[in-house]
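Trainee: I should like to learn how helices and domains are read from a set of coordinates. May we work through an example together?

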Amino acid sequence: MTSEPANLFDPAHFAGVRKPLLEAETLPVWAYTSEAFYKREVERIFMKVWNFLGRGEQVAAPGDFFTATFAGVPLIVLRGEDGKVRAFANTCRHRGSELLEGKGNCKAIICPYHSWTYGLDGRLVGAPEMGQTAGFRNEDHGLLPIRLETWAGFLFVCFDPQAAPLSQYLGGLVEKVAPYGLGDMVLARRREYTMECNWKLFVENAKESYHIATVHKSTINKYASARSSGYWVEEAKGEYCVTFAKHEGSMALLQGDSGFPLIESLEGLREAGGTCAPLIYPSTYLACTIDCAWYLELHPMGPNRTKLIHGSLFPRERLAREDFAEVAAHYYKRWDITTDEDIVASDRQQRGLTSPLAMPGRFSHREPLVHTIDNWILDRVLGD
Ligand code: FES
Ligand SMILES: [Fe+2]
C-alpha cells in the first residue's frame with residue numbers, strides 16, 4: 001500500500017519521475033491527494049508565478065470589479081477611473097473583513113463591517129471615528145495592492161514582488177500566438193465549474209492527446225488532430241509548453257457544424273491549417289484555432305478540489321454579426337460536451353488515486369508533456 005511518507009520532499013521519492021519519458025514513472029500518488037504537498041505547491045508555485053485570472057472585458061468600465069479566491073487568497077480585480085485594471089487583497093485594513101463579493105460596479109469600496117471607504121485606486125478615503133486613534137493616518141491603511149499585468153487582454157496577477165515581469169515569464173509565447181490577434185478578441189462567454197480533482201490532473205489531461213480516442217470518442221476524435229502523426233510538441237522559450245495539431249477545419253466545432261470564417265490575419269500561414277495550444281505554466285490552457293480561441297483557467301482550491309473557468313474568445317467583428325448567437329451556439333455545444341467529458345475523466349482519476357492501493361504508473365510516448373509538466377512542478381516544489 002502506498003501512503004504519504006513523512007519525508008515528503010525527499011528527492012528520492014521522485015527519482016522515477018525524473019527519468020527520461022519512456023523510462024519514467026508518474027508522480028507519487030500522494031502528490032495528488034496530500035495537504036502538505038498542495039501547501040508546498042501554493043508556496044513555491046502559485047505564490048511565485050504569474051497566475052492567469054481572466055480577461056480585461058470582465059471589467060470593461062471604470063468601477064467594474066470581480067472577486068476571486070485564488071489559491072486561498074481572496075482578491076479584487078477592479079478598473080479604476082483612470083482606465084487601469086488593478087488587483088487588491090479583498091481584506092479590509094481595519095479588522096480584516098472581506099470587502100466585495102461576486103462582481104459588479106462600484107464608485108468606492110465600502111467595508112460592510114464599519115464602513116471604512118476605499119477609492120478605486122485602493123487609497124483609504126474615509127475611516128469614521130478614527131480621529132482619536134494615536135498616529136492614525138489614512139495613507140498608511142490603503143488596500144494591499146497585488147501585482148497585475150496584462151497581455152493581449154489577458155489579466156495575470158503575481159503575489160511575489162521580486163518576480164520578473166509578465167513579458168519575461170511568457171517569453172516567446174507572445175510572438176508565437178501574435179498571428180491570432182488575441183488582443184482583438186472578445187470574451188463572448190465565461191462558464192465556471194467546480195471539479196473534485198487535483199489541479200494537476202486537469203492540466204495533464206489538457207496536454208495529452210492519448211485520451212482523445214477514448215474520452216472523446218464520439219466528439220473531437222472525429223478529427224485528424226487526434227492522430228499522433230498530426231500533433232506535435234513545439235519548441236518553447238518561456239514558462240510554457242506548446243503543441244501544434246494539423247487538421248482540416250476548426251478544432252472548436254463538431255463535424256458537420258457551420259462556423260465563422262478564418263481569422264483574416266491567418267491567411268496564407270501554417271496556422272490556417274491547425275491549432276496552436278500552449279499551456280502557460282502552471283495551469284493555464286489556451287487553444288488558438290483557425291476561427292476563434294478558448295482558454296481553461298484553473299483556480300486551485302485544495303488537494304482535491306479545483307475551480308475551472310472556460311472562456312470563449314471570438315474576433316471582435318464576429319460579435320457584431322446578426323447570426324452571432326446562432327453560429328456561436330455550435331462552438332458552445334462542442335466546448336460544453338468535451339469540457340464535461342474531461343471533467344468526468346479527471347474526477348474519476350482522482351477517485352482512483354484516492355485508493356490506498358493506487359501506485360505510480362508508466363507513460364506512453366503519447367504523453368510527453370504530462371512528463372514535462374510534472375517535472376516543471378517538481379523543479380519548483382523540490383527547489384529552493
Ligand atoms: S473591518 Fe472593515 S471597517 Fe472594520
Ligand atoms: Fe480532453
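Mentor: Certainly; please bear in mind that this is a predicted model. Let us begin with the buried residues of helix 7, which are A328, Y331, R334, W335, E341, D342, S346, Q350 and L353.

Trainee: How should one read the spacing of such a list?

Mentor: The general idea is that an α-helix has 3.6 residues a turn, so residues three or four places apart point the same way. In the present case, the list for helix 7 includes A328, Y331 and R334, and later S346, Q350 and L353.

Trainee: Against which elements do the buried residues of helix 7 pack?

Mentor: They pack against strand 11 (185-195), helix 5 (199-206), helix 6 (212-215), strand 16 (293-302) and strand 17 (305-315).

Trainee: How does one check the length of helix 7 against its residue count?

Mentor: One takes 1.5 Å a residue; the 30 residues of helix 7 (residues 324-353) should therefore span 44 Å, and the end C-alpha atoms are 43 Å apart, which agrees. For helix 8, the 15 residues should span 21 Å, and its end C-alpha atoms are 21 Å apart, so here too the values agree.

Trainee: Which residues of helix 8 are buried, and what covers them?

Mentor: L369, V370, H371, I373, D374 and I377 are buried in helix 8. Their cover includes helix 1 (15-18), helix 2, helix 5, strand 12 (231-234), strand 13 (240-246) and strand 14 (274-280).

Trainee: How is the packing of helix 2 and helix 8 described?

Mentor: One gives the approach of the axes and their crossing angle. The axes of helix 2 (residues 35-46) and helix 8 (residues 368-382) come within 8 Å and cross at roughly 95°. Because angles of 65 to 115 degrees count as roughly perpendicular, helix 2 is roughly perpendicular to helix 8. Helix 2 contributes R40, E41, R44 and I45 to the contact, and helix 8 contributes I377, R380 and V381. By class, the residues of this contact are 3 nonpolar, no polar and 4 charged.

Trainee: What does the domain assignment give for the chain?

Mentor: The assignment gives domain 1 (51-162) and domain 2 (170-382). Their centres, taken over C-alpha atoms, are separated by 31 Å. Across the boundary, 11 residues of domain 1 are in contact with 13 residues of domain 2.

Trainee: Which elements supply the side of domain 1 that touches domain 2?

Mentor: Strand 1 (51-55) and strand 2 (64-70) are the elements that each give two or more residues to that side. Strand 1 gives the most, with 3 residues. The residues of that side of domain 1 divide into 6 nonpolar, 3 polar and 2 charged.

Note on methods
Residues are numbered from 1 along each chain as its sequence is written. Chains are lettered from A and ligands numbered from 1 in the order in which they are written. This is a predicted model: local features need pLDDT of at least 70, side-chain atom pairs count only at pLDDT 80 or more; totals for chains, interfaces and linings use all residues. Helices (H or I, at least four residues) and strands (E, at least two) are DSSP runs, numbered from the N terminus. The expected span of a helix is 1.5 Å times one less than its number of residues. A residue is buried if 20 or more other C-beta atoms lie within 10 Å of its own, exposed if 12 or fewer, and partly exposed in between; C-beta atoms are placed from the backbone. Two residues are in contact if their C-beta atoms, placed from the backbone, lie within 7 Å. Domain bounds come from an automatic or database domain assignment. Ala, Val, Leu, Ile, Met, Phe, Trp, Tyr, Cys and Pro count as nonpolar, Asp, Glu, Lys and Arg as charged, and the others, Gly among them, as polar. Axes are lines fitted to C-alpha atoms, for helices over the stretch in contact, and angles run from 0 to 180 degrees between N-to-C directions. Angles under 35 degrees count as roughly parallel, over 145 as roughly antiparallel, 65 to 115 as roughly perpendicular and the rest as oblique.
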